[in-house]
Amino acid sequence: MRPARKQRLWMAAFIVAGVAVAAALTMTAFQKNLLFFFSPSDVMAGEAPENQSFRLGGLVTAGSLKHLEDGLTVEFIVTDFGHSITVRYSGILPDLFREGQGVVTQGQLGADGIFAADEVLAKHDETYMPPEVADALERSGHPIDEDKSQ
Amino acid sequence: MIPELGHFALILALLVAAVQGVVPLFGAHTRDAAWMAVARPAAYTQLFLVLFAFVALSHAFATQDFSVVYVANNSNSQLPMMYRLSAVWGSHEGSLLLWTLILSLWTAAVARFSKSLPEAFAARVIAVMGLVAVGFMLFMLFTSNPFERHIPALIEGRDLNPLLQDPGLIIHPPMLYIGYVGFAVPFAFAIAALLSGQLDAGWARWSRPWTLVSWSFLTLGIALGSWWAYYELGWGGWWFWDPVENASFMPWLAGTALIHSQAVTEKRGAFRSWTVLLSITAFALSLLGTFLVRSGVLTSVHAFANDPARGLFILVYLLTVIGGALTLYAWRAPRVASPIATTPMSRETFLLINNLFFAVAAATVLLGTLYPLVIDALGLGKISVGPPYFGFMFAILMAPVVALMPAAPYVRWKTDEPGRVAESLWKPLAIAVAIAALLLPLYWSGLSLFLLGGVLGGCWVIVGTLWYVVRRFRTRPPGRFRLLPAGEMGMILAHFGVGIFVLGVTITNTFSVEQDIRLTPGEEYELAGHVFRFETVETLDGPNYTATQGTFLVSRGDDTVAMLYPQKRRYPQGNQMMTEAAIEAGFTRDIYVSLGEPLSDGAWSVRIYYKPFIRWIWLGALFMMAGGFVAAFDKRYRRTRAAAAEHAAPRVVEQGTAPQGA
């Protein structure tokens with residue numbers, strides 16, 4: 001082979017090898033970090049994985065927020081009106097967390113049926129409904145009325 | 001009346017942009033000078049009209065015209081003037097108008113500073129930018145008119161999202177947009193080059209300064225966004241791999257690859273079609289970013305709009321622009337393929353590796369950002385990709401980049417002796433290792449592969465880059481002192497910034513201490529060698545909010561370090577709560593206190609952070625930005641213009657014996 005060709009071949013081989021390694025790494029890291037979203041009804045139907053993080057979302061039941069004795073751990077109930085699940089979270093709730101409004105939490109379901117959240121996501125503004133939550137409410141047969149969700 | 005004039009100006013601007021997009025293109029094709037001459041006046045007229053519309057909207061905000069729906073939705077009679085004006089781009093419609101305004105500013109700048117380009121080429125570039133503007137103006141006029149009226153007028157506005165009532169948010173979007181939209185210029189250059197079939201080194205040289213300036217603004221915009229998220233969102237993090245952040249980061253990654261590939265195309269005439277492809281990709285990712293953030297498909301603070309018609313329009317627009325550009329590329333690019341006359345040990349190889357890794361990094365982020373949307377669109381469930389995926393991938397992808405980056409400038413173009421390269425590199429490498437080893441006791445406690453790699457990598461980049469400067473000055477012929485060429489200085493500044501950034505990221509991520517605690521006024525808490533004393537809580541009135549303010553005395557030993565006043569604000573208009581963190585910023589550490597919520601017995605939940613070296617992250621980004629700006633003002637770009645004016649022939653590729661800045 002002429003040197004220019006040989007070199008081009010090397011270049012190509014190098015690029016292909018690099019991309020292959022990158023693709024393999026990406027897929028592994030990707031698989032490990034996929035988070036699925038479930039509504040309380042999904043969880044009750046046994047769809048949520050055990051011993052693995054996932055996202056749980058719904059409406060925070062009005063009047064359900066409790067501070068436990070240490071002052072920092074809170075409990076609240078997330079519902080899609082079909083089913084409800086108690087969520088426990090240790091830390092400061094985001095500014096946009098409200099009773100009666102949509103929330104998405106991330107964590108694991110404990111053996112006691114309590115969802116231990118390590119993150120509470122409420123990044124939207126006060127009138128905005130997370131799309132996952134709106135969808136979950138619709139599936140449970142209790143769609144939120146239009147002017148509330150917009 | 002004035003909003004109607006603004007609306008009318010926008011319609012006129014659309015017509016002008018259509019003329020600007022079509023007439024010069026035909027002129028360039030048929031070599032008709034009169035038709036080509038339409039480009040520049042059209043660009044200036046378009047700028048005037050869009051600016052008029054923008055001022056009209058600003059006027060509506062300043063005078064509190066709540067009969068305009070957009071104003072009523074995003075302002076309030078109690079909003080301070082500063083935030084009334086920045087509320088112009090506080091939401092969907094206005095930020096599109098800002099986007100369009102910036103596009104016409106860039107177009108006018110190209111019109112003004114392209115006198116030395118061949119007439120047909122300049123006409124094509126301006127025309128392509130006109131076509132991009134047509135799409136955005138159609139989008140605005142048909143789905144997102146900022147001048148829409150509500151009759152009768154509302155008595156009071158709804159208020160600007162309190163998160164956006166912050167000085168950081170006044171400047172973050174414009175800077176980011178200048179960067180985003182600026183990639184329209186290399187895009188237009190690439191399309192013009194494909195249309196004309198002329199893709200010589202001269203083309204890359206014309207396109208380069210524009211790319212550098214856009215990239216610098218984008219760097220600044222992203223850094224401002226990160227800084228804002230850090231102090232305003234109240235979580236104390238500097239990057240969350242939120243889809244909205246990713247949307248701005250993808251064009252940055254593609255842009256970084258583009259800057260480096262343009263260097264090869266300009267200096268060596270190689271990588272031509274790859275540079276064209278990257279120019280298209282960078283702008284395509286900018287458009288995609290706009291689509292992701294503005295169509296409401298993302299669950300995020302930025303996704304204000306929730307209108308499927310808009311999403312559909314942007315999707316069609318994206319497909320037209322990107323699909324059209326790629327089709328043109330597939331048709332024309334084979335003609336411009338450049339021979340590679342180089343050996344593996346050459347600067348070209350190093351820049352190729354740079355491009356490979358940055359392209360893969362951009363693809364990685366794209367996958368993690370789009371995959372959940374695709375799965376959702378296919379009805380396969382709601383998923384999201386956790387930040388650890390991005391973090392892990394970046395640590396792996398950027399490690400080789402950091403390892404090779406300081407070495408690249410030492411290597412000659414075309415071919416070099418491995419022995420010579422090793423000879424010039426072993427000293428800085430030894431110094432970097434020695435520094436990292438000497439500092440070991442300081443970071444021993446948090447030792448991990450990530451930390452060791454980061455500290456070593458950061459030291460290596462900084463020492464390697466500084467050593468290069470020293471060597472450059474030493475090997476210059478004696479005589480009067482002269483600065484290095486601006487292009488090379490820019491490269492040095494930016495690479496130095498990467499070193500600072502790497503150190504900042506590694507140290508912050510390893511040694512940050514974060515604590516949520518319960519405190520009653522009068523109590524103390526110790527964290528990272530500092531004592532935080534919660535003194536008092538009081539109530540204050542702001543211009544459009546009421547605040548509960550805590551007072552914290554932070555001390556270390558017997559010294560007072562800072563008095564901090566975190567606030568919890570309530571904005572009554574929208575009944576929204578906002579946490580205003582109090583931060584004592586320092587070169588080697590930040591102390592961060594924010595108030596959670598009131599608990600029983602007068603106690604509060606309080607969040608205390610100790611963040612070493614976090615400022616280095618933004619400092620590094622500022623160095624990168626400065627590097628881009630400095631490099632854009634290299635004399636040779638101006639010289640080329642003069643030369644091109646005389647004879648529009650392709651330039652002969654320069655080859656210096658001394659290493660030159662890439």
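**Entry 1: nonpolar patch, chain B**

I looked up which helices supply the nonpolar patch of chain B: helix 1 (2–30) and helix 3 (39–62) each contribute at least two residues. I note that the model is a predicted one. The members of this surface patch are B:M1, B:I2, B:L5, B:F48 and B:F52, and together they present about 500 Å² of accessible area. I then took B:F48 by itself and located this residue in helix 3 of chain B. Its relative accessible area is 54%, so I recorded B:F48 as exposed, the cut-off being over 50%.

**Entry 2: chain B as a whole**

I counted the secondary structure of chain B and obtained 21 helices and 11 strands. The radius of gyration is 27 Å, close to the 26 Å that the globule rule gives for 662 residues; I therefore entered chain B as being as compact as a globular protein of that length. The C-alpha trace of chain B spans about 80 × 70 × 55 Å along its principal axes.

I also checked burial and found that 60% of the 662 residues of chain B are buried. The accessible surface of the chain is about 25700 Å², and carbon and sulfur atoms account for 68% of that area. For contacts between residues at least 6 apart in sequence, I noted that 74% join residues at least 24 apart.

**Entry 3: helix 19, chain B**

Does the end-to-end distance of helix 19 agree or disagree with the expected span? Helix 19 covers residues 486–511, and its 26 residues at 1.5 Å a residue should span 38 Å. The end C-alpha atoms are 37 Å apart, which agrees. I found this helix mostly covered, with 20 of its 26 residues buried.

**Entry 4: salt bridges**

I find 21 salt bridges over all chains of the structure. In chain A, I examined A:K66 and A:E75, which form a salt bridge with their closest N and O atoms 3.8 Å apart. A:K66 is partly exposed, at 46% relative accessible area, whereas A:E75 counts as buried at 9%.

In chain B, I looked at the salt bridge between the side chains of B:R149 and B:D65, at 3.4 Å from N to O. B:R149 lies in the loop between helix 7 (119–143) and helix 8 (167–182), and B:D65 lies in the loop between helix 3 and helix 4 (69–74), so the pair ties together parts that are 84 residues apart in sequence. B:R149 counts as partly exposed, with 25% relative accessibility.

I next took the salt bridge of B:R208 with B:E266, at 2.4 Å from N to O. This pair links distant parts of the chain, with B:R208 in helix 10 (residues 201–232) and B:E266 in helix 11 (residues 243–268), 58 residues apart. I recorded B:R208 as buried at 4% relative accessibility and B:E266 as buried at 1%. Salt bridges with shared partners join B:R205, B:R208, B:E266, B:D634 and B:R636 into one network.

**Entry 5: A:V120**

Which residues are in contact with A:V120, leaving aside its neighbours within four places in sequence? I listed A:F76, A:Y89, A:L93, A:P94, A:F97, A:V103, A:V104 and A:T105. A:V120 belongs to strand 7 (residues 115–121) of chain A. Its relative accessibility is 10%, and buried means under 20%, so I entered A:V120 as buried. I also noted its separation from A:L68: 52 residues in sequence and 17 Å in space, C-alpha to C-alpha.

How values were computed
Residues numbered from 1 in each chain as written. Chains lettered and ligands numbered in written order. Heavy atoms only, no water. Patch = residues over 30% accessible without salt bridge, like charges linked within 9 Å, V, L, I, M, F, W, Y side chains within 5 Å. Areas by Shrake-Rupley, 256 points an atom, 1.4 Å probe, with all protein chains shown as cover. Salt bridge = Lys/Arg side-chain N within 4 Å of Asp/Glu carboxyl O. Helix = DSSP H or I, 4+ residues; strand = E, 2+ residues; numbered from the N terminus. Buried < 20%, exposed > 50% of the residue type's maximum accessible area, 1.4 Å probe, protein only. Expected span 1.5 Å × (residues − 1). Rg over C-alpha atoms; globule rule 2.2 N^0.38 Å. Contact = heavy atoms within 4.5 Å.
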